[in-house]
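Student: Could we go through this structure together? I should like to start with the pairing between strands.

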Amino acid sequence: MHEYSIVQSLVDSVGAAMNATPDAVVLRVRVEIGDLSGVDVDLLTTAFETFRDDTCCAQAELLIERVSTQWVCPACDRPIASGAILKCPDCNEPARLTAGDEILLRQIEMEVPDVPGLRLR
Amino acid sequence: MCQDCGCGDPEVVPVKVQQKILARNDRTAAHNREHFLGDGILAINLMGSPGAGKTAVLEATGCALPNPKKVAAIAGDLATENDANRLIAAGIRSKAITTGQACHLDAELVHRSLHHFDVDGVELLFIENVGNLVCPAVYDLGQALNVVALSITEGEDKPLKYPTMFMKADLVLLTKADLLPHLPFVNVDAITDALARVMPTPRVISVSARTGFGIEAWIRWLSAERTKALEKFEVYA
């Protein structure tokens, strides 16, 4: 179950992004997980909830946006359905994956204490 | 402080990150890849279920090569060094990575193992991953190519059940081909059809480690891919 190792990397990434604001509290972590990424979202949630204690994400909620698989013909842009033969019936070109393999950290929402002049984007 | 009314409440700030969660692994993998190709080594990430015949194919490859000194292997295993020892007995310079509880190799494990492994003069490096059709597909190790060993006894729909693994494969080795006459219900066409539904460019070589069937074709494929990979590396280097 590699989801624990994904969560370790996720927490490290959040920690690195928090370097400038060590006193901030992470409230939400938004990630994108593709259906063909090899990551199970339920296991990822369980792993996050198990692992977050004593980390910068101890009070954080994990919000997962699933991304559907999309195959297209690189020559004519015709969509090719998941489960079909991955070759364009018109052009005979091998299909290209345009979405569905994401394992991305998208956004961190944090509560920033009263620090005059601090501006974050 | 709250920017709107100055009430003194802490502010909730969204910070856009938009980065790969495994970015650190990917950086180490890129470092490994540069070392491999810079040293003229084609690195193969060999994956497959436990018992698919990964080690047996490598043993047969070592025996069939005119100069096995040009081949080396790193064998990932949860608990033993058995696979690495088998490969050493077959004349292949080998090293074990014992992962403990980890179900896959990652780029850092490979990188660390290379620090204590002499690959001087090696042209082909096989990284035999932990037997598993799920987790190893997620981690880039710095390999030039992914190869999946799928034994004909595993079920015709295995590629449909584990699409991520097969989608990432540059080649599928259909192993234990010598058993086919004893398996009247196994339809090889059904396996290739399943592969075509998860691999945009399906490439399959049937092999038997026991009889040596297909091993020459596999070695020819490796040699051609090494030439291609090194040419590409020199163009972009």
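Student: Which residue stands opposite A:Val112?
Tutor: In this predicted model, A:Val112 faces B:Glu11, a residue of β1(B).

Student: How many bridges join β6 of chain A and β1(B), and in what sense do they pair?
Tutor: There are 8 bridges between β1(B) and strand β6 of chain A, which spans residues 103-112, and the pairing is antiparallel.

Student: What is the order of the strands in the sheet?
Tutor: The order is β2(A)-β1(A)-β6(A)-β1(B), an open sheet of 4 strands with mixed pairing. At its edges are β2 (61-67) of chain A and β1 (11-20) of chain B, each of which pairs on one side only. From one strand to the next, the twist averages 15°.

Student: Which helix lies across β1 and β2 of chain A?
Tutor: That is helix α2 of chain A, residues 41-51, and it runs at about 165° to β2(A).

Student: Turning to chain B, where is B:Asn32 found?
Tutor: B:Asn32 belongs to helix α1 of chain B, residues 23-38.

Student: Is B:Asn32 buried or exposed, and why?
Tutor: B:Asn32 is buried, because 21 other C-beta atoms lie within 10 Å and the cut-off for a buried residue is 20 or more.

Student: With which residues is B:Asn32 in contact, leaving aside neighbours within four places in sequence?
Tutor: The contacts are B:Ala107, B:Val110, B:His111, B:Leu141 and B:Gly142. B:Leu141 is 109 residues from B:Asn32 along the chain, yet their C-alpha atoms are separated by 7.3 Å.

Student: What ipTM and pTM does the predictor give the complex?
Tutor: The ipTM is 0.89 and the pTM is 0.92. For chain B, the pLDDT averages 92, and 96% of the residues score at least 70.

Technical notes
Residues are numbered from 1 along each chain as its sequence is written. Chains are lettered from A and ligands numbered from 1 in the order in which they are written. This is a predicted model: local features need pLDDT of at least 70, side-chain atom pairs count only at pLDDT 80 or more; totals for chains, interfaces and linings use all residues. Two strands pair if DSSP finds at least two bridges between them. Helices (H or I, at least four residues) and strands (E, at least two) are DSSP runs, numbered from the N terminus. Axes are lines fitted to C-alpha atoms, for helices over the stretch in contact, and angles run from 0 to 180 degrees between N-to-C directions. Two residues are in contact if their C-beta atoms, placed from the backbone, lie within 7 Å. pLDDT is the predictor's confidence in each residue, from 0 to 100. A residue is buried if 20 or more other C-beta atoms lie within 10 Å of its own, exposed if 12 or fewer, and partly exposed in between; C-beta atoms are placed from the backbone.
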